[in-house]
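Good morning, and thank you for joining this group meeting. Please have a look at the sequence and the structure, and I shall then go through a few selected places.

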Amino acid sequence: MRAMGTSRTKLFGASLIALALLLPGSTQAQSAGNGLTNLIDSIFSGPNATPPQAATGQDGAAPPWSGEDGASGHPLMTAAAIRQAASDFPNCVAAMWPDAARRNITQENFERFTAGLTPDLRIMDLMDSQPEFTKAIWDYLDILVSDTRLAKGREILAKYKPQFDATEKAYGVDRYIIAAIWGIESNYSTQMGDRNVVQSTATLACIGRRQAYFKDEFLSALEILNRGDLRPEQMRGSWAGAFGPTQFMPTAFKRYAVDGDGDGRRDVVDNPSDLIASTANNLKKDGWQTGASWGYEVVLPQGLNYMLADRAKAMPLSQWEHLGLKRPNGQPFPRPSDKAYLLAPAGAEGPGFLMLQNFRVIMKYNPAEAYALAIGHFADRLRGGQPFAQPWPRQERVLSRAERLELQQLLAQRGFYKGTPDGQFGGQTREALRGFQVSIGAPADGFATAEVLERLRGR
């Protein structure tokens, strides 16, 4: 559940291009292909898309691997490399026994949990998926922060009030944030994924472009089973190994899972005490500030220098107020000395947000600003807060992947973009777009619209 190469990942994060203007170009988020991915794959992959976990073939079974090269172009994602690695899969798994032994996994359990394992090559397609169509951030928020989900969240908060009370007292983490993560990651345990975590992580440990990373995940999954925290049938999850209602990767489970009720097991799948406490422990260890908000919606003043809308340019709230940023309701900032950075996810025509330390903590759980905004807003709504006060520019059309690629190419031709055009928008694309906007006298908000693309085309 953290950036790939550190702890948790969401390999599919780079495919959630609904966050196109909000994510780093190669974003990998907290859980690699987690329950949230299962939900929003169906949102962002086009009008007739099917979520990967639910996709089926003509006979009702999961669809087979396409047999095609991966879209990433990585040499280990070519069809030939995948076939060769798949043919050696049993030997690859067996060769990990010495590493498992060093983790105190018994030989009996190693053989038991790996017996009959076969690779799930469909994962190779999911790993390199690049959806053509996307959703705007306002559509993303509409779907995730829905009345139905809010109603279920309030039921969960009431049903498990003793567990939330105990966790809040022990960890100082806002119960509404935990409930929001639970709701958005798995729709309150109804969309957790149905793939065998051991099979998925073993496949990725032996085949494809992230083998070293997933070897650790595979061995960590075996450690969890060896210790007896979870049973094999409980370890069902996403194509990349995230499991449970708040979607822990195996390595993240090792770091953050706690025994919330003292029964000797850390069951983040079926035990609400353990689930709630473990999620809180994760946030607390990542720097959660007790009693503080995640951020504030603000009205952006005319003439604002949008170069200030940068995660690296944090300033005290009082300084932002001096620059003309106000809360929509006119209320003062409770802690004006707190530092925040400005996020303008829909450019000059949409609402602005000043993001505090706890927003950064949520982004450690999943480093997509749109995700963290959804979590924070969902938590506020569960607490009794109102919807965002300002309208989104819903008249704007989201660019297709082909159009995003063209925009980058045109920016490169004009000398603004220095990267390799790939159709995925990150900080480098935003900076290039801002440079072009300055050159034409438009607000330099870095927001890619159809109108900006037309201006780049010279029309």
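Let me begin with a term: a residue counts as exposed if its relative accessible area is over 50%, and as buried if that value is under 20%, with partly exposed in between. Please keep in mind that this is a predicted model.

We may apply the term at once to Asn 104. This residue lies in the loop between α4, residues 97-102, and α5, residues 107-114. Is Asn 104 buried or exposed? Its relative accessibility is 65%, and because exposed means over 50%, Asn 104 counts as exposed. Its backbone also deserves a remark: phi of Asn 104 is near 65°, a positive value in a residue other than glycine.

Another asparagine can be described in the same terms. Asn 187 is placed in the loop between α10, residues 175-186, and β1, residues 195-196. Although Asn 187 is not a glycine, its phi is positive, at about 50°. With 23% relative accessibility, Asn 187 counts as partly exposed.

I turn now to a helix. Ala 205 belongs to helix α11, which covers residues 197-206. Its relative accessibility is 7%, so Ala 205 counts as buried. Which residues does Ala 205 contact, if we leave aside its neighbours within four places in sequence? They are Cys 92, Met 96, Gln 211, Phe 214, Lys 215 and Phe 218. For one of these, Lys 215, we can also give a distance: Ala 205 and Lys 215 are ten residues apart in sequence, yet their C-alpha atoms are 4.4 Å apart in space.

Phe 214 leads us to the aromatic rings. The model has 13 aromatic pairs. Among them is the pair of Tyr 213 and Phe 214, which is edge-to-face, with 4.8 Å from centre to centre and 85° between the planes. Both of these residues are buried. Elsewhere, Trp 138, Phe 353, Phe 388 and Trp 392 form one aromatic cluster.

Next comes the sheet. Four strands form an open sheet in the order β3-β6-β5-β4, and the pairing is antiparallel. The edge strands are β3 and β4, the latter being residues 315-316, and each of the two pairs on one side only. Between β3 and β6, residues 352-355, there are four bridges. Tyr 296 has Leu 354 of β6 as its bridge partner, and Val 298 stands opposite Gly 352 in β6.

In which directions do the residues of β3 point? Gly 295 and Glu 297 point one way, whereas Tyr 296 and Val 298 point the other way, and all are buried. As a general point, side chains in a regular strand alternate between the two faces of the sheet.

Finally, strand β3 brings us to the largest pocket, which has a volume of about 430 Å³. Sixteen is the number of residues in its lining, and those closest to the centre are Glu 297, Arg 327, Asn 329, Asp 380 and Gln 386. Two elements, β3 (295-298) and α17 (369-382), give two or more residues to this lining. Which element contributes the largest share? That element is β3, with three residues. By class, the lining has six nonpolar, six polar and four charged residues.

To close, I would ask you to find Glu 297 once more: it is a buried residue of β3, and it is also among the residues closest to the centre of the largest pocket. Thank you for your attention.

Note on methods: Residues are numbered from 1 along each chain as its sequence is written. This is a predicted model: local features need pLDDT of at least 70, side-chain atom pairs count only at pLDDT 80 or more; totals for chains, interfaces and linings use all residues. Side-chain values use heavy atoms; hydrogens and water are left out. On a 1 Å grid over the protein atoms alone, a cavity is a set of points where a 1.4 Å probe fits but cannot get out, and a pocket is an open set with protein on both sides within 12 Å along at least five of seven lines; lining residues have an atom within 4 Å of a point. Grid points are joined across faces, edges and corners, and a volume is the space filled by probe spheres set on the points. Ala, Val, Leu, Ile, Met, Phe, Trp, Tyr, Cys and Pro count as nonpolar, Asp, Glu, Lys and Arg as charged, and the others, Gly among them, as polar. Buried means under 20% relative accessible area, exposed over 50%, partly exposed in between (1.4 Å probe, protein chains only). Contact means heavy atoms within 4.5 Å. Two strands pair if DSSP finds at least two bridges between them. Rings of Phe, Tyr and Trp (its six-membered ring) pair if their centres lie within 6.5 Å; planes under 30 degrees apart count as stacked, over 60 as edge-to-face and the rest as tilted.
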